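Open the model in your viewer and keep the sequence panel beside it. The stops below go from one selection to the next.

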Amino acid sequence: MQSQVTSTYPVVKRGQRAVPTLKREPSNGGLTDTAATLCPSRDHLEMLKAFDLHWEYGPCCGITRMERWERANRMGLRPPQYIKELLLYHKKETKYQE
């Protein structure tokens, strides 16, 4: 006699996954609540790199991130405001501007 696989391995029903809550840091370093909430200080560069990978804002070769953000804004593509805030916050650091 053959047995069914489901009798050997019980079916585990998955519940809804909880939406992760974003932690706020007590000091946001001059950023607005949106930028401070979405981008903790250790993730600023990673968030900017993720912005580079979004093709909906146009190509990123040969221009700075701020130029790309401004171009996307002029074209009505509505780039995230917190990206501009991060770029302005790290204005003097070249690794954030390239």
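Select helices H3 and H4: H3 passes H4 in a left-handed crossing. In this predicted model, the axes of H3 and H4 are 11 Å apart and the helices pack at an angle of about 55 degrees. H3 and H4 are therefore oblique to each other.

Now show the side chains where H3 and H4 meet. On the H3 side, pick Leu45, Leu48, Lys49, Phe51 and Asp52; on the H4 side, pick Arg65, Arg68 and Trp69. Sorted by class, this contact of H3 with H4 holds four nonpolar residues, four charged residues and no polar ones.

Keep two of those residues on screen, Arg65 and Asp52. Arg65 forms a salt bridge with Asp52, and their closest N and O atoms are 2.8 Å apart. Asp52 belongs to helix H3 (residues 44-53) and Arg65 to helix H4, so the salt bridge ties together parts that are 13 residues apart in sequence. Are Arg65 and Asp52 buried or exposed? Both Arg65 and Asp52 are buried. How many salt bridges does a search of the whole structure find? The search finds one.

Next, hide H3 and bring up H5 (residues 81-89) beside H4 (residues 65-74). The axes of H4 and H5 come within 10 Å and cross at roughly 150 degrees. H4 and H5 are therefore roughly antiparallel to each other. Here too the crossing is left-handed, with H4 passing H5. To see the contact, select Arg65, Met66 and Trp69 in H4, then Gln81, Ile83, Lys84, Leu87 and Leu88 in H5. The classes in this contact of H4 with H5 are five nonpolar, one polar and two charged residues.

Stay on H4 for a moment and click Asn73, which is found in this helix. Asn73 counts as partly exposed because its relative accessibility is 41%. Then click Tyr57 and draw a distance from one C-alpha to the other: Asn73 and Tyr57 are 8.6 Å apart in space and 16 residues apart in sequence.

For the third pair, hide H4 and show H3 again with H5. Their axes are 11 Å apart, and H3 and H5 pack at an angle of about 125 degrees. That makes H3 oblique to H5. H3 passes H5 in a left-handed crossing. Which residues of H3 and H5 meet? From H3, select His44, Met47, Leu48 and Phe51; from H5, select Tyr82, Ile83, Leu86, Leu87 and Tyr89. By class, the contact of H3 with H5 has eight nonpolar residues, one polar residue and no charged ones.

Finally, clear the selections and colour the whole chain by secondary structure. The chain has six helices and zero strands, so the order of elements is simple to follow from the N terminus: α-α-α-α-α-α. Switch to colouring by accessibility, and buried residues make up 27% of the 98 residues in the chain. As for contacts along the chain, take those with a separation of 6 or more: residues 24 or more positions apart account for 38% of them.

Notes. Residues numbered from 1 in each chain as written. Predicted model: local features only at pLDDT ≥ 70, side-chain atom pairs only at ≥ 80, totals over all residues. Heavy atoms only, no water. Axes fitted to C-alpha atoms, helices over the stretch in contact; angles between N-to-C directions. Helix = DSSP H or I, 4+ residues; strand = E, 2+ residues; numbered from the N terminus. Parallel < 35°, antiparallel > 145°, perpendicular 65-115°, else oblique. Left-handed = near helix turned anticlockwise from the far one by under 90°. Contact = heavy atoms within 4.5 Å. Nonpolar A, V, L, I, M, F, W, Y, C, P; charged D, E, K, R; others polar. Salt bridge = Lys/Arg side-chain N within 4 Å of Asp/Glu carboxyl O. Buried < 20%, exposed > 50% of the residue type's maximum accessible area, 1.4 Å probe, protein only.
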